[in-house]
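Reader: I've got a chain open in my viewer and I'd like to talk it through with you. Can we go step by step?

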Amino acid sequence: MIGTSVAYSDTFRNKNDQNVAINGFDTVAYFSNSRAVMGQSDYQVQHAGAIWYFSSQKNKNIFEQNPPKYTPQFAGHCANGLSDGHLVLADPSLFRVIDGKLYLFFSKWGRAQWAMRQSSQIALAEQNWTEFKTSF
């Protein structure tokens, strides 16, 4: 629309060509199952410019009650990449839930880097994300 802009942080970026967020993984399952679980198109929600799939009606309902709680940090970019100062989309099968927040990673190595010094890694990623998201 003319005269309307959407802030970068309001649009989820880690989505495939069909506009499906995190390659169809169920974002609630990271929290409830502690693992990456594929969602199904039967259970979907529109949120932040993307379509989100869930593995069950229950998980879909949970997400709809509080989308920000289950949306990955940094619009789906690699948390380790951000802490290192670069922007790359993450592989949704590689994740960590830290203090109730979902972080995705590009590689197993990057995820392993976040096993130590999590507080400082998060602080660096958040600082760099602030600069990246305002440059779009």
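**Talking through the chain**

Author: Sure, and keep in mind that this is a predicted model. Let's begin with one residue: Asp42 counts as exposed, at 61% relative accessibility.

Reader: Where does Asp42 sit, and how many Å separate its C-alpha atom from that of Leu89?

Author: Asp42 belongs to strand E1. Along the chain, Asp42 and Leu89 are 47 residues apart. In space, their C-alpha atoms are separated by 26 Å.

Reader: OK, zooming out. What pattern do the helices and strands follow along the sequence?

Author: There are six helices and four strands in the chain. Reading along the sequence, you get α-β-β-α-α-α-β-β-α-α.

Reader: What is the radius of gyration, and what does the globule rule give for 136 residues?

Author: The C-alpha atoms fill a box of roughly 45 × 40 × 25 Å along the principal axes. For 136 residues the globule rule gives 14 Å, and the chain comes close to that, so it is as compact as a globular protein of that length. The radius of gyration itself is 15 Å.

Reader: What share of the residues count as buried, and what share of the contacts with a separation of 6 or more is between residues 24 or more positions apart?

Author: Buried here means under 20% relative accessible area, and 41% of the 136 residues count as buried. As for the contacts with a separation of 6 or more, residues 24 or more positions apart account for 55%.

Reader: And the surface: how much of the exposed area do carbon and sulfur atoms supply?

Author: The chain exposes about 7,300 Å². Carbon and sulfur atoms supply 48% of that.

Reader: How far apart are the mean positions of the positive and negative charges?

Author: The chain has 12 positive and 10 negative charges. Take the mean position of each set, and the two are 5 Å apart.

Reader: Now the rings. Is the pair of Phe31 and Tyr70 stacked or edge-to-face?

Author: This pair is among nine aromatic pairs counted in the model. The ring centres of Phe31 and Tyr70 are 5.1 Å apart, with 90 degrees between the planes. Planes over 60 degrees apart count as edge-to-face, so the pair of Phe31 and Tyr70 is edge-to-face.

Reader: Which helices does that pair link, and is Tyr70 buried or exposed?

Author: Phe31 is in helix H1 and Tyr70 in helix H3, 39 residues apart, and the pair links distant parts of the chain. Phe31 is partly exposed, with a relative accessible area of 22%. Tyr70 has 10%, and that makes it buried.

Reader: Which residues form the aromatic cluster?

Author: Two of its members are tryptophans, Trp114 and Trp129. The full cluster is Phe74, Tyr103, Phe105, Trp114 and Trp129.

Reader: Backbone next. What is the phi of Ile22, and is Ile22 buried or exposed?

Author: Most residues other than glycine have a negative phi. Ile22, in the segment before H1, has a positive one, near 40 degrees. With a relative accessible area of 0%, Ile22 is buried.

Reader: Where is Ser34, and what is its phi?

Author: Ser34 lies in the loop between H1 and strand E1. Ser34 is exposed, with a relative accessible area of 57%. Its phi is also a positive value, near 55 degrees.

Reader: Last one: how far in space is Arg117 from Asn33, C-alpha to C-alpha?

Author: Arg117 is in the loop between helix H5 and helix H6, and it is exposed at 57% relative accessible area. In sequence, Arg117 and Asn33 are 84 residues apart. C-alpha to C-alpha, the distance is 25 Å.

Note on methods
Residues are numbered from 1 along each chain as its sequence is written. This is a predicted model: local features need pLDDT of at least 70, side-chain atom pairs count only at pLDDT 80 or more; totals for chains, interfaces and linings use all residues. Side-chain values use heavy atoms; hydrogens and water are left out. Rings of Phe, Tyr and Trp (its six-membered ring) pair if their centres lie within 6.5 Å; planes under 30 degrees apart count as stacked, over 60 as edge-to-face and the rest as tilted. Helices (H or I, at least four residues) and strands (E, at least two) are DSSP runs, numbered from the N terminus. Buried means under 20% relative accessible area, exposed over 50%, partly exposed in between (1.4 Å probe, protein chains only). The radius of gyration is taken over C-alpha atoms; the globule rule is 2.2 Å times the number of residues to the power 0.38. Contact means heavy atoms within 4.5 Å. Accessible areas come from the Shrake-Rupley method with a 1.4 Å probe; for residues, only the protein chains shown count as cover. Lys and Arg count as positive and Asp and Glu as negative; His and the chain ends are not counted. The place of a charge is taken as NZ of Lys, CZ of Arg, CG of Asp or CD of Glu.
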